[in-house]
Amino acid sequence: MKKFFVNIICMFVPFKKPRHKLRNMLLADKIELSLVRVMKTSCLLPAPSEAHKAVGVLRDIQLANLKILSTVDEVCAKLGVDYWLDSGTALGAVRHGGFIPWDDDIDIGMLRDDFEEFVEKFNNVNTDTDLMAYYHICKAGRIIKIIHKELPLWVDIFMFDYYTKKTNDLEKVELTKLIKKISDKKYSKREPVVCDRSLIDASSKPTIIYTPEWDSNLFHMLAFDWETIFPLSTIEFEGKKFRCPADMDTYLTFLYRDYMSYPNYFHIHNDLGKLSVLDIVKLKKFIKK
């Protein structure tokens with residue numbers, strides 16, 4: 001993928017010698033140069049609303065993960081569980097009407113009460129035998145993964161907590177600093193997060209926070225007014241309707257600041273080159289199932 005974008009950039013350099021020099025610089029690991037930044041300055045990057053969708057195997061992975069999201073949505077509806085599109089998936093819904101062109105997974109959020117029971121409930125209610133849910137624990141923390149049993153496909157579910165009260169803007173800033181300080185440590189070395197529900201009155205509409213159980217340091221703000229998220233709304237994502245925070249503009253601004261602009265780098269979770277021909281055939285069959 002990196003070579004692909006490097007070749008595109010170098011096509012616009014008219015002379016052979018500087019073209020080869022630029023190509024070597026971009027491909028060299030010692031040069032910390034963002035391809036997306038170069039594309040921005042070269043006027044090669046389209047406006048977000050005009051960005052092309054992914055193609056090939058990456059697009060197949062996106063569509064397969066969309067199918068898993070649809071299953072999660074159906075199970076949540078049966079169980080009466082609230083969830084919402086989160087982080088890159090929420091951003092893609094607003095900025096691109098679906099997947100960010102280079103993204104290949106799906107993120108959703110869920111309150112702790114539902115999160116702690118969801119793996120067992122999903123595995124009991126889900127009828128798609130290709131899928132399963134489990135609690136994924138790594139150095140970054142604990143999340144739920146809804147995975148395909150044979151293919152590199154998944155939906156990540158991130159946990160949110162009630163805070164003990166409503167907070168003003170300054171308190172949200174300080175609360176975000178505290179959450180980042182806790183979650184910056186490896187998960188195994190963090191203090192256990194104790195959520196005493198007896199201290200929380202949900203009817204008072206307290207602040208909602210990203211749990212410190214997951215490393216969310218890449219986001220700007222991790223504490224939200226209740227009204228930013230609830231009551232949940234819906235948004236179109238790849239032609240289908242899914243649940244989302246009530247105030248998507250505030251939600252995404254808190255996470256990404258200038259969310260309609262492209263980032264200075266991009267990341268694909270899957271190594272597409274490692275997918276075998278048989279994997280690609282299974283992928284296509286799963287999409288059509």
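Okay, let's start with how the elements are named: helices (H or I, at least four residues) and strands (E, at least two) are DSSP runs, numbered from the N terminus. Serine 87, for instance, sits in helix H5.

Some ground rules. This is a predicted model, where local features need pLDDT of at least 70 and side-chain atom pairs count only at pLDDT 80 or more, while totals for chains, interfaces and linings use all residues. Residues are numbered from 1 along each chain as its sequence is written, and side-chain values use heavy atoms, with hydrogens and water left out.

So, the overview. The chain has 10 helices and nine strands. Of its 289 residues, 47% are buried, and buried here means under 20% relative accessible area, with exposed being over 50% and partly exposed in between (1.4 Å probe, protein chains only). I'll also talk about contacts, meaning heavy atoms within 4.5 Å. If you take the contacts between residues at least 6 apart in sequence, 71% of them join residues at least 24 apart.

Let's go back to H5, which covers residues 87-95. How many of its residues are buried? Eight of the nine, so this helix is largely enclosed by the rest of the structure. The buried ones are Ser87, Gly88, Thr89, Ala90, Leu91, Gly92, Ala93 and Arg95. And what do they pack against? Strands S1 (84-85), S2 (106-111), S6 (208-210) and S8 (233-237), plus helix H9 (248-256).

Serine 87 deserves a second look. Its relative accessibility is 5%, so it counts as buried. Its phi is positive, about 40°, although it is not a glycine. For background, most residues other than glycine have a negative phi, and most peptide bonds are trans. Just after H5, glycine 97 also takes a positive phi, of about 75°.

There's another non-glycine with a positive phi: lysine 205, at about 55°. You'll find lysine 205 in the loop between helix H7 (169-183) and S6. With a relative accessibility of 40%, lysine 205 counts as partly exposed.

And while we're on backbone oddities, phenylalanine 230 and proline 231 are joined by a cis peptide bond, with omega at about -5°. Proline 231 lies in the loop between helix H8 (226-229) and S8.

Next up, a helix pair. Two packed helices are described by the angle between their axes and the distance between the axes. Helix H4 (residues 56-79) packs on helix H6 (residues 112-125) at an angle of about 100°, and their axes are 10 Å apart. That makes H4 roughly perpendicular to H6. The axes are lines fitted to C-alpha atoms, for helices over the stretch in contact, and angles run from 0 to 180 degrees between N-to-C directions. As for the wording, under 35 degrees is roughly parallel, over 145 roughly antiparallel, 65 to 115 roughly perpendicular, and the rest oblique.

Who meets whom there? From H4 it's Thr71, Val72, Val75, Cys76, Lys78 and Leu79, and from H6 it's Phe118, Lys121, Phe122 and Val125.

Two of those H6 residues bring us to the aromatics. Rings of Phe, Tyr and Trp (its six-membered ring) pair if their centres lie within 6.5 Å; planes under 30 degrees apart count as stacked, over 60 as edge-to-face and the rest as tilted. By this rule there are 16 aromatic pairs. In one of them, phenylalanine 118 and phenylalanine 122 have ring centres 5.9 Å apart and planes at 40°, so the pair is tilted. They are four residues apart in H6, which means about one helical turn between them. Phenylalanine 118 is buried at 0% relative accessible area, and phenylalanine 122 is buried at 0% too.

Phenylalanine 115 is in H6 as well, and at 0% relative accessibility it counts as buried. Leaving aside neighbours within four places in sequence, its contacts include Met110, Tyr135, Arg142 and Phe158. The C-alpha atoms of phenylalanine 115 and phenylalanine 160 are separated by 8.5 Å, with their positions 45 residues apart along the chain. Phenylalanine 160 belongs to an aromatic cluster, along with residues including Trp84, Tyr210, Phe230 and Tyr256.

Last stop: lysine 145, in strand S4 (residues 141-148). Buried or exposed? Buried, with a relative accessible area of 12%. Its side chain makes a polar contact of 2.7 Å with that of aspartate 156. For that term, we need a pair of N or O atoms within 3.5 Å; within protein, one must be able to donate a hydrogen and the other to accept it, and residues adjacent in sequence count only if both atoms are side-chain atoms.
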